[in-house]
Number of protein chains: 2
Amino acid sequence: MPRWPEDSRARLVDSAVTLFAEHGYHSTTVDHIAARAGVTARTFFRHFSDKEEVLFADDDTVLPGMLASIAEPTGPVSAAELMQRTLTQLAEVMQPQRSVLTARQRIIETDVALTGRELAKQARWQQGVATALIERGFTADDAEVLSAIGFAIFVRALHSWLADNNGPTLADRVRDALPRARTVLDVVSSR
Amino acid sequence: MPRWPEDSRARLVDSAVTLFAEHGYHSTTVDHIAARAGVTARTFFRHFSDKEEVLFADDDTVLPGMLASIAEPTGPVSAAELMQRTLTQLAEVMQPQRSVLTARQRIIETDVALTGRELAKQARWQQGVATALIERGFTADDAEVLSAIGFAIFVRALHSWLADNNGPTLADRVRDALPRARTVLDVVSSR
DNA sequence: AGTGTTGTGTCAGATCATGACATCATTTAG
DNA sequence: CTAAATGATGTCATGATCTGACACAACACT
């Protein structure tokens, strides 16, 4: 019999997302979130470094999978194939979370600081992937350019998937995105 | 004879950058900045919506120039040429600011929130450029992909320029970046 | 001279965030 | 089987960020 109800952290995340969606990010105070989760504000800040972080708590669990999907394959394989692999893996992790991701995205878009934190997170992923590619022997330049382009393209696919309920799956969109990027550059560079 | 010393805003920016560089972003309070500029904290918040904004005050003056450099050219011109034009224009605006930009970048890198705000700003630019391209008749898809790739590449060039004092100019790096991006995609897609 | 506008000061207050210390069920050591 | 260590929480105090309301003095226009 634990002294306190368990999973305070999970209840805090849940309360936060609900209240943000219901009353907006600014109007929701940390006290509100904590009260709804049955704890004090001090406890909120023990679990999350700040009010924003409650929306990004699970982000760091994603990167290891991406890095693994780059490190795993044995034998010679192109950087583009590895990039494709990583992004597809990311797409498959995100796919089942669609409804949560949509709600989260709606909240994030209401606030510049949240948008920024989201982008900063993507930048860390991008850097991590580039480093993993470099460790597989590709040049820093190729790795970084490819990672930058890959994520730029992925984010576009993600947003179109979140906006369009009925089109192709995220994984499908991502699969097509990288080859299409090359096509676009081909076309635009041709005169 | 004005009632107060003029240019409070400029003095606030100057004080802020100096103090951030000297004592770090977190350790510097708005009161410190205001005191050094000879005003009160309340005045600081009249000029800047929050403590971060003092580092990004001039950002919105840049976009109009970029949009103009896309809208200006008459006659048929490829999207890639327009992208090249815009980024080169941006590079030329930034080039004389090198020392300020370096100091600013050093500060931004010390704080996730600042990094995020910087990225959010870039995202706004990217969206603005994409819109301008669309208005010139290119498809939304091509415009957005090209803008995304263009800025991803530009940021890489910018960072390498800031890190390397003695190499090529920013404009030169930018000029080479887009064609090189295509080369990288060619190489990585070829096997 | 009168009126409006502008930039600032002062003050009160809400919210965010952190440090220090206390509490108490669970776990572990002796 | 007791006693100490542990861990998640609460309470309190405090500093920092940000906003609203009101006041005031100089300037600008008529």
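**Entry 1: the A–B contact**

I started with the pair Glu144(A) and Arg156(B). Their side chains meet in a salt bridge, 2.4 Å from N to O. This is a predicted model, so I note the distance as computed.

I then asked how many salt bridges there are between chain A and chain B. The count is six. For polar contacts across this interface I also find six residue pairs, with both residues of each pair at pLDDT 80 or more.

Next I looked up which elements of chain A supply its side of the interface. Those that give two or more residues are helix H5 (79–94), helix H7 (112–135), helix H8 (140–163) and helix H9 (170–189). H8(A) gives the most, with 10 residues. By class, I list 18 nonpolar, 11 charged and three polar residues on the side of chain A that touches chain B.

I took the totals after that. In chain A, 32 residues are in contact with 32 residues of chain B. The two chains bury about 2900 Å² between them. Carbon and sulfur atoms account for 66% of that area.

**Entry 2: symmetry**

I laid chain A on chain B. The RMSD is 0.1 Å, after a turn of 180 degrees and a shift of 0.0 Å along the axis. The two copies are thus related as by a two-fold rotation axis.

Which residue of chain A comes closest to the rotation axis? I find Gly116(A), with its C-alpha at 1.9 Å.

I also compared the interface residues of the two chains. Of those in chain A, 100% are interface residues in chain B too, so the copies meet through the same surface.

**Entry 3: inside chain A**

I turned to the domains. Chain A is divided into domain 1, residues 8–55, and domain 2, residues 59–189. Over C-alpha atoms, I get 29 Å between the centres of the two domains.

Nine residues of domain 1 are in contact with six residues of domain 2. The area buried between these domains of chain A is about 790 Å², and carbon and sulfur atoms give 57% of it. On the domain 1 side, Tyr25(A), Glu52(A) and Leu55(A) lose the most area to domain 2, together 66% of what that side buries.

I checked charges here as well. The rule finds three salt bridges across the interface of domain 1 and domain 2 of chain A. I also looked up Arg117(A) and Asp50(A), whose side chains meet in a salt bridge at 2.8 Å, N to O. Five residue pairs are in polar contact across the domain interface, both residues at pLDDT 80 or more. The domain 1 residues that touch domain 2 divide into five nonpolar, three charged and one polar.

Definitions and conventions
Residues are numbered from 1 along each chain as its sequence is written. Chains are lettered from A and ligands numbered from 1 in the order in which they are written. This is a predicted model: local features need pLDDT of at least 70, side-chain atom pairs count only at pLDDT 80 or more; totals for chains, interfaces and linings use all residues. Side-chain values use heavy atoms; hydrogens and water are left out. Domain bounds come from an automatic or database domain assignment. Contact means heavy atoms within 4.5 Å. Buried area is the accessible area (1.4 Å probe) that two parts lose on being put together, summed over both. A salt bridge is a side-chain nitrogen of Lys or Arg within 4 Å of a carboxyl oxygen of Asp or Glu. A polar contact is a pair of N or O atoms within 3.5 Å; within protein, one must be able to donate a hydrogen and the other to accept it, and residues adjacent in sequence count only if both atoms are side-chain atoms. Ala, Val, Leu, Ile, Met, Phe, Trp, Tyr, Cys and Pro count as nonpolar, Asp, Glu, Lys and Arg as charged, and the others, Gly among them, as polar. Copies are superposed by least squares on the C-alpha atoms of residues with pLDDT of at least 70 in both. Helices (H or I, at least four residues) and strands (E, at least two) are DSSP runs, numbered from the N terminus.
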